[in-house]
Amino acid sequence: MSTPLVFHDVNSLTNHLDSFREKGKKIGFVPTMGALHEGHLSLLESCFRDCDICVISIFVNPRQFNDSKDFANYPRQISADLSTLSSYSNLVIFLPQENEIYNPNRIIPNINLGSLPNTMEGSSRPGHFKGVAQVVYLLFDIVKPNRAYFGMKDFQQLSIIKHLVKALNLPIEIIGCPTSREPSGLARSSRNQLLSSQQKKEAEVIYQVLLFIKNNVRIMNINNVLKGGLSLLNQSSLRLDYLTIVDPETLLPVEDFNGNGQCCIAVFCGDVRLIDNIELN
Ligand code: AMP
């Protein structure tokens, strides 16, 4: 049993991890932006099942926010996060400052993400995935994990990271983990704590829309099933950003459902933007 070790700088982190790597230990990695909840912890549980040592990073990456107000309002609660993590053994916590990550000596290769960032989150949040790809590349370069764990809650992000690892031929296995939900069905998210209890209740409709679409996509055509989902949403005060069914590989909209698709949604609940998705197979 060992309590978690906290590192703020890259050199001491990499020295520590090298000593494990030299002994042939398997290193798992869970990158996060903190304000930890059970969704993050479920990734950590998967990591601990597979790996000898787990690294969790907490870094609110400015480059993936296209809206400075969203960046400023993003929940930050390092002390609570450290206390949440305090009971884990064999855990390494990486809490870098921005200059540790974006060190000008660290070269970021040109990462061709193909057309994957052009839809959904990419079109609503210009530059978001460029920022995500850069920070994930840099974190991978620092931690050099054998495996890295990402939530299916951020479905497009997971696809893009799998693509990045393949495109750059990185020796890292990417593991997608199921979405952790509240008993109401609402997907757990750090942003949920920005919601009032009334808004949180209203946000339950997001999962109801996804379930409606999953249950009806085989008996209605795509246009009509999306319209049905939208009319459910319109009974709440949530504002739609997008609701779409995409091919899980290309992330392009599916016109005729052939048994394979991912339904993805983004809405605004007040000022808070929430995303979710469901597999339709
Ligand atoms: P974030 O801190 O929001 O950047 O998320 C860090 C990681 O946790 C990402 O891989 C997310 O996809 C994942 N994650 C966030 N929420 C959930 C959830 N409800 N269930 C499973 N994974 C999640």
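Two exercises with worked solutions follow, on the ligand shell and on Glu-204 in this structure.

The model is predicted, with local features needing pLDDT of at least 70 and side-chain atom pairs counting only at pLDDT 80 or more, while totals for chains, interfaces and linings use all residues. Residues are numbered from 1 along each chain as its sequence is written, and side-chain values use heavy atoms, with hydrogens and water left out.

**Exercise 1.** Describe the residues around the ligand and the polar atoms that approach the ligand.

Solution. Begin with the shell, where a residue counts as near if one of its heavy atoms lies within 4 Å of the molecule: there are 17 residues around the ligand, and Met-33, His-40, Asp-154, Ser-180 and Arg-188 come nearest. Next, sort the shell by residue class, which gives 6 nonpolar, 8 polar and 3 charged residues. Then turn to single atoms: a polar side-chain atom of Asp-154 lies 2.6 Å from a ligand oxygen, a polar backbone atom of Gly-151 is 2.9 Å from an oxygen of the ligand, and a polar backbone atom of Ser-180 is 2.8 Å from a ligand nitrogen. Finally, the protein buries 92% of the 480 Å² that the ligand exposes when taken alone (Shrake-Rupley method, 1.4 Å probe).

**Exercise 2.** Is Glu-204 buried or exposed, and which side chain does the side chain of Glu-204 contact?

Solution. First locate Glu-204, which sits in the loop between helix 9 (197-202) and helix 10 (205-216). Its relative accessible area is 17%, so Glu-204 is buried (under 20%, with a 1.4 Å probe and protein chains only). Lastly, the Glu-204 side chain makes a polar contact with the side chain of Lys-201 at 3.1 Å (a pair of N or O atoms within 3.5 Å, one able to donate a hydrogen and the other to accept it within protein).

Conventions:
Ala, Val, Leu, Ile, Met, Phe, Trp, Tyr, Cys and Pro count as nonpolar, Asp, Glu, Lys and Arg as charged, and the others, Gly among them, as polar. Helices (H or I, at least four residues) and strands (E, at least two) are DSSP runs, numbered from the N terminus. Buried means under 20% relative accessible area, exposed over 50%, partly exposed in between (1.4 Å probe, protein chains only).
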